[in-house]
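The following account leads the reader through one structure, from its sheet to its helices and then to a ligand site.

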Amino acid sequence: MNYEKELKEYYSCNIIEHGFDAQINSINLCCREGTGSFSRKIVILPNFSGAKIDWESFFQKKNLLRDLQKKGSTIPQCIGCVYLEKKIWDNNDYISSININNWIKCNANCIYCDRKEYKNKKEYKIYPIIKDLINKKYLRNPVDITIAGGEPTISSDFDKTLNILIKNNFSTIRVLTNAIKYNKYIEKGLENNLVNILVSIDAGSREIYKKIKLTDKYSIVWKNINKYVEKQAQKSLVKTKYIIIPEINNYKEELKLFIEQNYKAGVGYVYIDLEIGFYIKNSQNYDLLKEIYDLYLFAKEYGETIGIKIEAFDRIKIIENKLKK
Ligand code: SF4
Ligand code: SF4
């Protein structure tokens, strides 16, 4: 009997099925906020501070959530999420989607950063966990790994974690960096077409950058982005992001300057997002959301005229869906 034939279609997402989300105090199911409901996170291992993981028990807990989807229900926090997809999912226990978000420290100080409340917390090491996953063959290609933080490149764990992933040919690995510090392992990953980076800059000018990041590193950031662009194996690996923060950078002129700066640096792909706190407060204010969406459309159109692909990121994607209904 062909077992695969017994599998049925159901709504789920790769994170429910094969995800691992390392957060500051816990291992969770998913890091996405606002894509499903806004209720609390789905915690799989609470009070986590870096202890060795019993993977069998981890998968057992995860399978309780997968079973809900298989039965045709939806995990309450996932109801309405744009990433739910109906298809045939496999039945196996492995990880192919990792979010590393346990790191707190940063060399910038963005006004919208949610890490500040944890500034006195000591981070656990992620490298031993990733190494264990690889050694036990629980991590399977193709993967979708995001390394975030804090600023990941200033973590003492970062270089060896990225290196072991590169050495084992895992792809794709996305690093969310502010690019204030240049990193040789990111460079290696870009050259080998295994790593891509996303740099949230949120400004088209040094003044607005300083206002948002509370640090004067605009020129250094673009210099580093330029160096990364020169190393990337293909044009889509270095991307930037502009998080719209109403009253600070929600101006066409600023967006235009930002897009032009990308053009000068050779960046071909740009994401537009909306600051999450603002979205949560105004998620039912359709007029306001439409204004933000129009700004995104303006950026998209302007980007096209100079050969830059502009895409909607999480919150803008959600607004797009809401406005279509
Ligand atoms: S919130 Fe969305 S992306 Fe996250 S696990 Fe649920 S369905 Fe998947
Ligand atoms: S770069 Fe990221 S981690 Fe650092 S302060 Fe800004 S939002 Fe926070």
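**Sheet, helices and ligand shell**

In this predicted model, strand β11 (residues 269-274) runs parallel to β12, and four bridges join the pair. One of the residues involved is Tyr-271, whose bridge partner in β12 is Glu-311.

This pairing belongs to an open sheet of ten strands with mixed pairing, arranged in the order β4-β3-β2-β6-β7-β8-β9-β10-β11-β12. The edges are formed by β4 (43-45) and β12 (309-312); each has a single partner strand, so one side of each lacks a neighbour in the sheet.

Helix α5 (residues 184-191) is placed across two strands of the sheet, β8 (173-176) and β9 (195-200), and makes an angle of about 125 degrees with β9.

A contact between two helices may be considered next. The axes of α8 (residues 252-265) and α10 (residues 286-305) come within 10 Å of each other, crossing at roughly 35 degrees, and the crossing is right-handed. On the α8 side, the contact is made by Lys-252, Leu-255, Lys-256 and Ile-259, which meet Leu-295, Phe-298, Ala-299, Tyr-302 and Gly-303 of α10. Six of the residues in this contact are nonpolar, one is polar and two are charged.

The last site is that of ligand 2. Its surroundings comprise Cys-106, Ala-108, Asn-109, Cys-110, Cys-113 and Arg-115, together with Gly-149, Gly-150, Glu-151 and Asn-178. By character, the shell around ligand 2 consists of four nonpolar, four polar and two charged residues.

Notes:
Residues numbered from 1 in each chain as written. Chains lettered and ligands numbered in written order. Predicted model: local features only at pLDDT ≥ 70, side-chain atom pairs only at ≥ 80, totals over all residues. Near = placed C-beta within 6 Å. Nonpolar A, V, L, I, M, F, W, Y, C, P; charged D, E, K, R; others polar. Axes fitted to C-alpha atoms, helices over the stretch in contact; angles between N-to-C directions. Left-handed = near helix turned anticlockwise from the far one by under 90°. Contact = placed C-beta atoms within 7 Å. Pairing = 2+ DSSP bridges.
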